[in-house]
Amino acid sequence: GILGWRFIAASRLDYQMSDERGLVISNPVEIEGTSARIKSSDLDSQELRFSLLLWDKLNFPTNNLIHMGLTADSQFLLDAGDLSRLRIQVAGSGDMAQGFRFAHVHAFRLLDQREPGVWSLATGERSISFLDDELDIGRGALMRLHKAIPVPDKDVPLQDILEFRSKRRSELLALRHHLEIIYQRIVTAGDGELALNTEVGALEQAIADHIKASKEARFS
């Protein structure tokens with residue numbers, strides 16, 4: 001148990017090897033100590049489109065402490081098979097905020113255990129935020145690289161993003177491979193933070209040059 005909470009069950013997950021990448025997402029929840037501030041019970045529209053474009057599959061965990069429902073957007077993705085929900089069952093007593101946090105992180109750990117290296121955890125002001133002392137700091141560098149990529153506006157229809165992702169899969173896979181090479185370079189550098197800042201700066205400049213030169217825009 002952790003702070004009085006213990007995990008007793010999770011919805012069934014089969015172990016699979018995959019070349020896909022998955023992201024554990026959340027609605028905006030800020031956890032600080034014993035306080036949990038739910039900024040919105042809905043998934044952030046901009047964050048959802050960012051996640052959908054750059055990851056193959058999304059998981060929005062649920063638990064028996066605090067249940068978050070689905071919006072029309074997230075229900076659409078659930079029906080389309082691009083979103084799943086891992087159910088974490090916890091028992092015991094303790095601080096509700098930390099119980100929710102640990103249940104969410106536990107969902108990520110279960111997915112990562114079954115598909116090593118496939119899953120990342122989205123954190124930040126548009127997702128779940130907390131002190132990440134329990135998480136691998138290096139994974140945060142990979143998320144920061146992804147956040148340097150221009151993504152569709154929050155009003156772009158999800159179906160358009162799915163069609164773009166299917167049509168441009170080879171380019172998106174090449175981009176993912178490039179980002180993961182940069183990530184490996186960062187984690188093996190002597191000064192990780194300096195290397196991260198250097199690589200992100202170079203990536204942002206390359207993207208800015210590309211956008212300036214490009215005349216084709218599928219969506220905003």
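**Figure 1. Residue classes around the largest cavity.** By class, 7 nonpolar, 1 polar and 4 charged residues make up the lining of the largest cavity in this predicted model. The volume of this cavity is about 100 Å³. Among the residues that line the largest cavity are Leu53, Leu54, Trp55, Asp56, His146 and Arg165. The lining also includes Arg169, Leu172, Leu173, Leu175, Arg176 and Leu179.

**Figure 2. Helices at the largest cavity.** Two helices, helix 1 (45-54) and helix 6 (169-187), each supply at least two residues of the lining of the largest cavity. Helix 6 gives the most, with 6 residues.

**Figure 3. The second largest cavity.** The structure holds 3 cavities of 30 Å³ or more, and the second largest has a volume of about 40 Å³. Its lining includes Ser26, Asn27, Phe60, Pro61, Thr62 and Ile66. His67, Met68, Arg85, Phe100 and His104 also line the second largest cavity. By class, this lining has 5 nonpolar, 5 polar and 1 charged residues.

**Figure 4. An open sheet of 3 strands.** The strand order is 4-3-10, and the pairing is mixed. Strand 4 (35-38) and strand 10 (128-129) are the edge strands, each pairing on one side only. Helix 3 (residues 96-114) packs on the sheet and touches strand 3, strand 4 and strand 10. The direction of helix 3 makes about 115 degrees with that of strand 3.

**Figure 5. The hairpin of strand 3 and strand 4.** Strand 3 (residues 29-32) and strand 4 run antiparallel and are joined by 4 bridges. Glu30 has Arg37 in strand 4 as its bridge partner, and Glu32 has Ser35 in strand 4. The two strands form a hairpin with 2 residues between them. In the turn, Gly33 has a positive phi of about 65 degrees.

**Figure 6. The pairing of strand 3 with strand 10.** Strand 3 and strand 10 run parallel, with 2 bridges joining them. The bridge partner of Val29 in strand 10 is Ile128.

**Figure 7. The two faces of strand 3.** In a regular strand, side chains alternate between the two faces of the sheet. Val29 and Ile31 form the covered face of strand 3, whereas Glu30 and Glu32 form the uncovered face. Both residues of the uncovered face have bridge partners in strand 4: Arg37 for Glu30 and Ser35 for Glu32. On the covered face, Val29 has its bridge partner Ile128 in strand 10.

Terms used. Residues numbered from 1 in each chain as written. Predicted model: local features only at pLDDT ≥ 70, side-chain atom pairs only at ≥ 80, totals over all residues. Heavy atoms only, no water. 1 Å grid on protein atoms, 1.4 Å probe; cavity = no way out; pocket = protein on both sides within 12 Å on 5 of 7 lines; lining within 4 Å. Points joined across faces, edges and corners; volume = space filled by probe spheres on them. Nonpolar A, V, L, I, M, F, W, Y, C, P; charged D, E, K, R; others polar. Pairing = 2+ DSSP bridges. Contact = heavy atoms within 4.5 Å. Axes fitted to C-alpha atoms, helices over the stretch in contact; angles between N-to-C directions. Buried < 20%, exposed > 50% of the residue type's maximum accessible area, 1.4 Å probe, protein only.
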